[in-house]
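Open the model in your viewer and keep the sequence panel beside it. The tour goes from one selection to the next and says what is there.

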Amino acid sequence: MTGKFITFEGGEGCGKSTQIKLLSEYLKQKGYDVVTTKEPGGTEVGQEIRKLLVCGDKDKFDDVAEMLLYFADRRIHLTKKIWPALEKGSIVLSDRYADSTMAYQYYGYNKRIQKSRLNDMYKIVAGDFKPDLTLILDIDVKKGLARSYAKAKTMEVKELRFEGRELEFHENLRHGFLEIAKENPERCVVLNADKTIEELHQDVIDIVKERLGL
Ligand SMILES: Nc1ncnc2c1ncn2[C@@H]1O[C@H](COP(=O)(O)OP(=O)(O)O)[C@@H](O)[C@H]1O
Ligand SMILES: [Mg+2]
């Protein structure tokens, strides 16, 4: 595949959506064909799965059912959108991908589902395919949640199923993302997201240049 696949990861309110939009505009200006997408919900069918996952009561199904829905969404996302775009040479920017599954399903839920099981599931849906670069936006949990709540006030459909969880869950997530970065230094870069939008955008551009030469 000739394109590049870049994923953005991190907790709620760290600035993923904001930075993807800015990076997309930057790369388009440089003449690249860019596809922006997200998980869950990167495809039409995925949107239906997303609604099940992010809206409503946090206990409406358990962590195992949740994990299976995420992997179903990912398979559809890869086959219908990500792989075809990469074949065409596009740069694909995804707001969350597999590291979020590991962070939420493993670190967030106190390691109820084994890491090796999650890795096996990943292999079933994606084989050996991996992002070319993963940017992990790291911020103090309370600061991120405050941003996220402020944004939700302005949204019609409130996607707050996760924001409602206890602080410890979000602290575990943050720790999880940092562990994932340590285990995958060739793919992951951690960025301090407690900066202005413009400052962080510049950091993103620097890394994308350094790592992928874009
Ligand atoms: N660096 C930043 N400083 C202050 N506010 C920010 C910053 N980045 C994003 N925001 C604001 O915080 C909210 C959450 O940002 P968003 O990009 O949606 O985060 P995420 O997609 O990671 O949940 C938005 O209202 C956004 O405008
Ligand atoms: Mg977002």
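Select Phe71. Is Phe71 buried or exposed? Phe71 is partly exposed, because 18 other C-beta atoms lie within 10 Å, and a residue counts as buried only with 20 or more and as exposed with 12 or fewer. Keep in mind that this is a predicted model.

Now widen the selection to residues 63-87. This is helix α3, in which Phe71 lies. Add Met121 and Val125: Phe71 is in contact with these two, leaving aside its neighbours within four places in sequence. For a sense of distance, pick the C-alpha atoms of Phe71 and Glu25. They are separated by 29 Å, while the two residues are 46 apart along the chain.

Next, the sheet. Select residues 133-138, which form strand β4. How many residues of β4 are buried? Five of its six residues are buried, so the strand is mostly covered.

Add residues 4-9, strand β1, which runs parallel to β4 and is joined to it by four bridges. Within this pair, look for Ile6, which stands opposite Leu133 in β4. Then add residues 188-192, strand β5. β5 pairs with β4 over five bridges, again in the parallel sense. Here Ile136 stands opposite Val190 in β5. In general, the strands of a sheet pair through backbone hydrogen bonds, either parallel or antiparallel.

Show the remaining strands of the sheet as well. It is an open sheet of five strands with parallel pairing, in the order β2-β3-β1-β4-β5. Which strands are at the edges? They are β2 (34-38) and β5, each of which pairs on one side only. On average, neighbouring strands of this sheet are turned by 20° against each other, direction ignored. Keep the sheet on screen and add helix α8, which packs on the sheet and touches β1, β4 and β5. The direction of α8 makes about 155° with that of β4.

The last stop is ligand 1. Select its surroundings: 16 residues surround the ligand, and the closest are Gly15, Lys16, Ser17, Thr18 and Arg147. Where does this shell come from? Helices α1 (16-29), α6 (141-152) and α8 (197-212) each supply at least two of its residues. The largest share, four residues, comes from α6. Colour the shell by class to see four nonpolar, seven polar and five charged residues around ligand 1.

Note on methods: Residues numbered from 1 in each chain as written. Chains lettered and ligands numbered in written order. Predicted model: local features only at pLDDT ≥ 70, side-chain atom pairs only at ≥ 80, totals over all residues. Near = placed C-beta within 6 Å. Nonpolar A, V, L, I, M, F, W, Y, C, P; charged D, E, K, R; others polar. Contact = placed C-beta atoms within 7 Å. Pairing = 2+ DSSP bridges. Axes fitted to C-alpha atoms, helices over the stretch in contact; angles between N-to-C directions.
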